[in-house]
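User: Could you walk me through the ligand site in this model, and then a pocket elsewhere?
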Amino acid sequence: MKTFYVTTPIYYANGEPHAGHAYTTIAADALARYHRIKGNEVFFLTGVDEHGANIDKTAETEGLSPQAFCDKLAPIFTKLWERLNISNDIFLRTTSELHKRGIKKFLTALYESGDVYKAPYEGYYCRPCERFFPEKELADDKICPIHKLPLEWVKEENYFFRLSKYQDRLIQHYNENPDFVYPESRRNELLNVLESGLEDTSISRSSVSWGIPLPFDPEHIAYVWIDALPNYITALGYDADSERYHKFWPADVHMMAKEITRFHALLWPAMLMAANLPLPKQIVAHGWLTKDGEALSKTRGIFIDMDGDIGTYGVDAFRYYLLREFSFGNDGDYRPARLHARYNADLANDLGNLLNRVLGLVNKNFDEIPVPTTPDDIDEEIKGMAQTTVDQLDAQMETLAFDTALETIWEFVRRVNRYIQQTEVWTLTKPETKPRMGTILYNSLEALRFISVLVSPFIPDTAEKIQKQIGLTEFDTVAEWGRLPAALKVSKGEPIFPRVDLKKEKAPKSDAVKPKQKSDKKTTDLISFADFQKLDLQVGNVISAEPIEGADRLLKLQVDLGTEKRQVVAGIAEHYKPDILIGKQVIVVVNLEPATIRNVESQGMILAASGDSVVLATPETEVPLGTKVR
Ligand code: MSP
């Protein structure tokens, strides 16, 4: 049996987990579950990073010892993971004995490599990052590039790891293993860092007390990253040379967001090389989840109301939205209005209604699942599409394209809906057509079973509900057509995604659609269809976006329409940061008279829903540039 070992970062236990942590963990969970249904033996690690000055400081402000503080925080993480249906096999805490034993063995091996030495050190230090920044990476204001906080000048005697020695071996490893860091943009970025030269790095802190003492000099505490990175092996029982360690190491995927790839893709492999251990197979970095284009930040009050949204839409809708909406390597802006739209369109309408409709027809016309006796060409098409969906999904999961993988499944969901429509199955009630009705309904149920298997890595609870409702008592994970036994009793069918009506529920906070001001439009306000047809609306791709000096509300966009490029001025600067617009498909009014706004020519207009907030109108799925919108 093939093994698959996937990890998330171990998150700092100095605050409660937020939607950003949830995103990585859900993505890793989807991958772990996908490999399980493929029949692989999976080990899935997540956990918490509990040492270091930051945690010590936060604990102190709460009047707790660091250990008591961590003991309070760790269950908050595990409770969230339970709520989000995360199927991790271990929850690693760096204060655990298992980890401490492993670290001791690993640091001893590192020391014995001869690549650890003691030296004085001074430099710019970011406490929240728990790292020094080389001066060449900093601007004159000496602000942390991640936290945007002033750096401290810190002077201490430290142990160092001879990272510089591993530069050539790392470059060679990158070249021999082109997928070592994924996506490619990150790989290229790291190769550039590697080629510009690596400096030795400090691995201990003499000024910190909350951490693991170095086994070869207990006066010094292991630097928090040196303590944290080896968690990926200590969790497997590296200390005892365990069977699990040998089975699962090297890891298949270390998953994380982009800001910590340097530690994982430069320092960690070099440490492993020094200790003479195999390197992880792949370091995978996704983008950041943002809110209104800004990084999530507790101190600045930028957060996602994960709890509220899960309360309104359910865990699976939250998981679905994150995995469907964001393209894995890129940053993605979290929008409650999009979650709402996805819930109603994809989950309630496409999938929920399909299940309900099919169950309703079976219950009305049969006592149990009918035997398929009268096959037709259209049935073969559905069966064929089920298989191609699996093949496409497999290819897309290889590159962690969760969004396109889900779109592929939903194409099949929509095809099955059309199958019901095209065959007008509900009309086939006469005795002579009833066998055909039975065959179509059997195929629809089998398609639903198939869909439940395919969606199970992403929305596991829903997958189980579907199988239960179609009468299966044990979850069948095999995507092979025809496994659904006839003669099962299907359930009445409770809606799996009951409609969420925002009028009753609390409206999404920032991007709620404003209620219509005037609903009593007179006929005289109406326009003719011919007038509407005068509009030339086309889909374009934003290729650049920049602010306009002196105009806080405006952005200058370049939009590619396929056959030509247009410059458009849009009043969206308060709602969109320029960066997140790049690559977005928008709808452009192409035949609008050009206008000059703040000295900038605007050759068209882009459409947006404009209420309390402004939300760009964008095609449901990507379409060729220049596609007409009617
Ligand atoms: N403790 C270190 C990791 C050590 S791993 C050996 C750490 N912890 S952290 O709490 O800061 O977690 C960072 C990780 O949390 C990111 O790499 C990412 O996986 C996740 N995210 C935190 N905020 C996020 C977003 N806004 N968006 C996406 N992921 C986010 O670094």
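Analyst: A residue counts as near a molecule if one of its heavy atoms lies within 4 Å of it. The model is predicted, with local features needing pLDDT of at least 70 and side-chain atom pairs pLDDT 80 or more, while totals for chains, interfaces and linings use all residues. Numbering runs from 1 along each chain as its sequence is written, and side-chain values use heavy atoms, without hydrogens and water.

User: OK, which residues are closest to the ligand?
Analyst: The ligand is surrounded by 24 residues, the closest being I10, T24, D49, E259 and L289.

User: Which polar backbone atoms does a ligand oxygen sit 3.0 Å from?
Analyst: Taking a polar contact as a pair of N or O atoms within 3.5 Å, one such pair joins a ligand oxygen to a polar backbone atom of Y12 at 3.0 Å, and another joins a ligand oxygen to one of A257, also at 3.0 Å. The protein covers 91% of the 680 Å² of accessible area that the ligand has on its own, by the Shrake-Rupley method with a 1.4 Å probe.

User: And which element gives the most to that shell?
Analyst: That is β1, with 4 residues, where strands are DSSP runs of E with at least two residues and helices are runs of H or I with at least four.

User: Switching topic, what lies nearest the centre of the second largest pocket?
Analyst: Its lining has 33 residues, and E325, S327, G583, K584 and E622 lie nearest the centre; a pocket is an open set of points on a 1 Å grid over the protein atoms alone, where a 1.4 Å probe fits, with protein on both sides within 12 Å along at least five of seven lines, and lining residues have an atom within 4 Å of a point.

How values were computed:
A polar contact is a pair of N or O atoms within 3.5 Å; within protein, one must be able to donate a hydrogen and the other to accept it, and residues adjacent in sequence count only if both atoms are side-chain atoms.
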